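Let's take a tour of the empty spaces in a protein, and of a ligand that has found a place there. Have the model open while you read.

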Amino acid sequence: VSGLADDAGRGAGDLQQYLRSRRDAVDAALELHLPAESVEPAVIHRAMRYSVFAGGKRIRPVLALAAAEAIGADAEPLVRHAAALELVHTYSLIHDDLPALDDDDLRRGRPTSHVVFGEAMAILAGDALLTEAFSWLAVPMGSMPAGRQLRAIALVAAAVDSRGMIGGQVADIESEHLAERETSRELLEERLDFIHRNKTGKLLTASVMLGGLLGGASDDQLALLETYGGAIGLAFQIVDDLLDVEESAETLGKTAGKDLAQGKLTWPALRGADAARAKLGELLDTAVATAGMIGGPLNYLGGIARYVCERRS
Ligand code: IPE
Ligand code: IPE
Ligand code: MG
Ligand code: MG
Ligand code: MG
């Protein structure tokens, strides 16, 4: 019996309720396990908590829990491990916003970490969150075979290393204004795909896979989860690019219209908004079809894929 509320069979409208309940479970784990603000040196713990609790959709941990539940596992024992994904993600946002990277002053509706705490503390808060995440991932899980948990930890590390998220961030930075000097469309499209799959796609895919691995998925189920994660991972960043063009800073809680101003290589800039939406349609079909093949009684993966593609913030 799941320790988290069982939302099965309540109909489509209750995706929102499912997301809220899993988000609440993740937030509770973050609150419980992050060092308190009073722990010395207090400034670093204030900075870590400031960014983690500024809001955020918690989509990565929720995906991990949803993947575990889709294969019939109880999500409760892995909430802290799933929450670790939010620490990795929040670190990536703090560093992404630094003056040396995207130079953003608004994130999750608040001034960015470096604006409030200074650059040194923002860099260190990111470092600390990343390190904290791997401590949480390594917390023993009772009946979980250690080999399987090690595989899960290695999977998250690989998703965010220099061949994963960091590699994507490097290519993103190096590709600023590339479209103004590079004439080969093929090269530009390949580069765009590389950036999106690495800077965003791999952590989202790893989130789904983490839930599957820790939930005890079979190899066949893991393969389906990987396909699903790849599709929504790419979709997630295409939507992020579209929202940067189409929405306001107020709605997004982060600066809008920045990608064009910084000459970023994005889907709307290179392929246009219509092509971006057509691609999203394809990716959603793939994700929903794959989610359907996983087919447990508490399977919100299809609904989450739709949410990822249709979100407006
Ligand atoms: C924003 O991520 C950065 C990307 C990888 C596109 P989210 O859209 O998940 O941001 P939060 O966590 O909800 O703030
Ligand atoms: C950020 O991509 C990806 C990571 C943080 C790894 P963006 O630079 O597009 O994210 P936003 O738009 O600032 O949230
Ligand atoms: Mg960026
Ligand atoms: Mg950015
Ligand atoms: Mg963006």
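Which residues lie nearest the centre of the largest cavity? They are Ser 51, Ile 94, Asp 97, Arg 107 and Ser 113, and 13 residues line this cavity in total. Keep in mind that you're looking at a predicted model. Here's the rest of the picture, topic by topic.

**The cavity**

- The count comes to one cavity of 30 Å³ or more.
- The largest cavity has a volume of about 90 Å³.
- Three elements each give at least two residues to the lining of the largest cavity: α2 (42-52), α4 and β2 (110-111).
- With three residues, α4 has the largest share of that lining.
- Sorted by class, the lining of the largest cavity has five nonpolar, four polar and four charged residues.

**The largest pocket**

- The largest pocket holds about 820 Å³ of space.
- It's lined by 39 residues, and the closest to its centre are His 89, Leu 93, Arg 107, Asp 240 and Lys 254.
- Two or more lining residues come from each of α3 (59-70), α4, α8, α10 (185-215), α11 and α13 (258-261).
- Here α11 gives the largest share, with six residues.
- Check the classes too: the lining of the largest pocket has 18 charged, 12 polar and nine nonpolar residues.

**Ligand 2 and its shell**

- You'll find ligand 2 sitting in the largest pocket.
- Around ligand 2 are Ser 92, Asp 96, Asp 102, Arg 107, Met 165, Gln 169, Lys 199, Gln 237, Asp 240 and Lys 254.
- That shell breaks down into six charged residues, three polar ones and one nonpolar one.
- At least two shell residues come from each of α4 (79-96), α8 (165-174) and α11 (219-246).

**Polar contacts with ligand 2**

- Lys 254 has a polar side-chain atom 2.6 Å from an oxygen atom of ligand 2.
- For Asp 96, an N or O atom in the side chain is 3.0 Å from an oxygen atom of ligand 2.
- Lys 199 joins in as well, with a polar side-chain atom 3.3 Å from an oxygen atom of ligand 2.
- On its own, ligand 2 would expose 390 Å², and the protein buries 91% of that.

**A residue to look up**

- Try finding Arg 107, one of the residues nearest the centre of the largest cavity.
- Arg 107 is also among the residues closest to the centre of the largest pocket, and it belongs to the group surrounding ligand 2.

Key: Residues are numbered from 1 along each chain as its sequence is written. Chains are lettered from A and ligands numbered from 1 in the order in which they are written. This is a predicted model: local features need pLDDT of at least 70, side-chain atom pairs count only at pLDDT 80 or more; totals for chains, interfaces and linings use all residues. Side-chain values use heavy atoms; hydrogens and water are left out. A residue is near a molecule or strand if one of its heavy atoms lies within 4 Å of it. A polar contact is a pair of N or O atoms within 3.5 Å; within protein, one must be able to donate a hydrogen and the other to accept it, and residues adjacent in sequence count only if both atoms are side-chain atoms. Accessible areas come from the Shrake-Rupley method with a 1.4 Å probe; for residues, only the protein chains shown count as cover. On a 1 Å grid over the protein atoms alone, a cavity is a set of points where a 1.4 Å probe fits but cannot get out, and a pocket is an open set with protein on both sides within 12 Å along at least five of seven lines; lining residues have an atom within 4 Å of a point. A molecule sits in a cavity or pocket if more than half of its atoms lie within 2 Å of its grid points. Helices (H or I, at least four residues) and strands (E, at least two) are DSSP runs, numbered from the N terminus. Ala, Val, Leu, Ile, Met, Phe, Trp, Tyr, Cys and Pro count as nonpolar, Asp, Glu, Lys and Arg as charged, and the others, Gly among them, as polar. Grid points are joined across faces, edges and corners, and a volume is the space filled by probe spheres set on the points.
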